[in-house]
Amino acid sequence: MSPRPAPDLDARRDQVIRAARGVAESDGWTAVTMRRLAGELGVTQPVLYSAFTGRQELIDAVALRGFSELAAALEAVDTSPVARMRAYLDFSTAHPRVYEAMFSMPSGLPFAAEDTPEPLRRAFAAVHDAFPDADGTRAEVAWAALHGLATLQAGGRLRAGQTQARLDLAHRMLTSGEAR
């Protein structure tokens, strides 16, 4: 990346997203500033602002990429509820700061709206495939349960030995006859 604007804005945006993600994974989101990223990439801040209007737009881009990666991880396993639930938790464990950006950072990203971005729709569809019903209620409850487990796990309140037991309980609750 040079101080002059690159001819390919998508390539520049991709470099900045990767740099922001790297800084966040190593030092947390508070360390992700446009000044720090400019230093990491060896460019001026105006080059960064030519790709993103500000820090929150960049964090939203990291979050959207995270939802794309989550969808790919869910789609890479079979549609059984347990396989999708395990893939979800594995993703959140492998990418804790990206997961944090996906759900914890303030943002204008619409989540369950008509204008929900495609990566969010795709990730939700992968959960819905494992918990199908006419109105998506089971998938919404499954998503909430998975997010709760991921949050407990990330916060260190769920030890490795407890994860499977909680996952099994959530699976039974979501797939039992009375839950339908």
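Where does Val23 lie? Keep that in mind as you open the model, which is a predicted one. We will come to Val23 shortly, after a look at the whole chain.

**Stop 1: the whole protein**

Colour the chain by secondary structure. You should find nine helices and zero strands, so-called α elements that follow one another as α-α-α-α-α-α-α-α-α along the sequence. Of the 180 residues in the protein, 41% are buried. Now think about who touches whom: among contacts between residues at least 6 apart in sequence, 61% join residues at least 24 apart.

**Stop 2: helix 1 and Val23**

Select residues 9-27, which form helix 1. This helix has 19 residues and reaches 27 Å from its first C-alpha to its last, close to the 27 Å expected at 1.5 Å a residue. Val23 lies right here, in helix 1.

Is Val23 buried or exposed? Its relative accessibility is 2%, and residues under 20% count as buried, so Val23 is buried. Show the side chain of Val23 and look around: leaving aside neighbours within four places in sequence, Val23 is in contact with Gly28, Ala31, Val32, Arg36, Leu37 and Glu40. You can also draw a distance from the C-alpha of Val23 to that of Thr33; these residues are 10 apart along the chain and separated by 9.3 Å.

Next, add the other buried residues of helix 1 to your selection, including Arg12, Val16, Ile17 and Ala20. The buried residues of this helix pack against helix 2 (34-41), helix 3 (45-51), helix 4 and helix 6. Before leaving, click on Gly28, just after helix 1, where phi is positive at about 90°.

**Stop 3: an exposed residue on helix 2**

Move on to Arg35, which lies in helix 2. Why does Arg35 count as exposed? Its relative accessible area is 65%, and exposed means over 50%. Try another distance here: Arg35 and Leu48 are 13 residues apart in sequence, and their C-alpha atoms are 9.1 Å apart in space.

**Stop 4: the nonpolar core**

Select Leu37, Phe52, Leu58, Leu70, Tyr88 and Met102 and show them as spheres. These are the residues with the most contacts inside the largest nonpolar core, which has 51 residues. Which helix gives the most to this core? Helix 4 (residues 55-75) does, with nine residues.

Zoom in on Leu70. Not counting residues up to four places away in sequence, Leu70 touches Tyr88, Phe91, Met102, Ala123 and Trp143.

**Stop 5: helix 5 and what covers it**

Tyr88 is a handy link to helix 5, where it is one of the buried residues. Select residues 81-94 to see the helix. Helix 5 has 14 residues and reaches 20 Å from its first C-alpha to its last, close to the 20 Å expected at 1.5 Å a residue. Its buried residues are Pro81, Ala83, Arg84, Met85, Ala87, Tyr88, Leu89, Phe91 and Ser92. What covers them? The cover includes helix 4, helix 6 (96-103), helix 7 (118-130), helix 8 and helix 9 (160-175).

**Stop 6: helix 4 against helix 5**

Show helix 4 and helix 5 together. They pack at an angle of about 145°, with their axes 9 Å apart, and the crossing is right-handed. From helix 4 come Gly66, Glu69, Leu70, Ala73, Leu74 and Glu75, and from helix 5 come Arg84, Ala87, Tyr88 and Phe91. This contact has six nonpolar residues, one polar and three charged.

**Stop 7: helix 5 against helix 8**

Now swap helix 4 for helix 8 (residues 137-154). Helix 5 and helix 8 pack at an angle of about 35°, and their axes are 10 Å apart. Their crossing is right-handed. Helix 5 contributes Met85, Tyr88, Leu89, Ser92 and Thr93, while helix 8 contributes Trp143, Leu146, His147, Leu149, Ala150 and Gln153. By class, the residues are seven nonpolar, four polar and no charged.

End the tour at Leu146, found in helix 8. With a relative accessibility of 2%, Leu146 counts as buried. Leaving aside neighbours within four places in sequence, Leu146 is in contact with Met85, Tyr88, Leu89 and Leu167. For a last distance, pick Arg166: its C-alpha is 9.9 Å from that of Leu146, and the two are 20 residues apart in sequence.

Methods: Residues are numbered from 1 along each chain as its sequence is written. This is a predicted model: local features need pLDDT of at least 70, side-chain atom pairs count only at pLDDT 80 or more; totals for chains, interfaces and linings use all residues. Side-chain values use heavy atoms; hydrogens and water are left out. A nonpolar core is a set of buried Ala, Val, Leu, Ile, Met, Phe, Trp, Tyr and Cys residues joined through side-chain atoms within 4.5 Å. Buried means under 20% relative accessible area, exposed over 50%, partly exposed in between (1.4 Å probe, protein chains only). Helices (H or I, at least four residues) and strands (E, at least two) are DSSP runs, numbered from the N terminus. Contact means heavy atoms within 4.5 Å. Axes are lines fitted to C-alpha atoms, for helices over the stretch in contact, and angles run from 0 to 180 degrees between N-to-C directions. A crossing is left-handed if the near helix is turned anticlockwise from the far one by less than a right angle, and right-handed if clockwise. Ala, Val, Leu, Ile, Met, Phe, Trp, Tyr, Cys and Pro count as nonpolar, Asp, Glu, Lys and Arg as charged, and the others, Gly among them, as polar. The expected span of a helix is 1.5 Å times one less than its number of residues.
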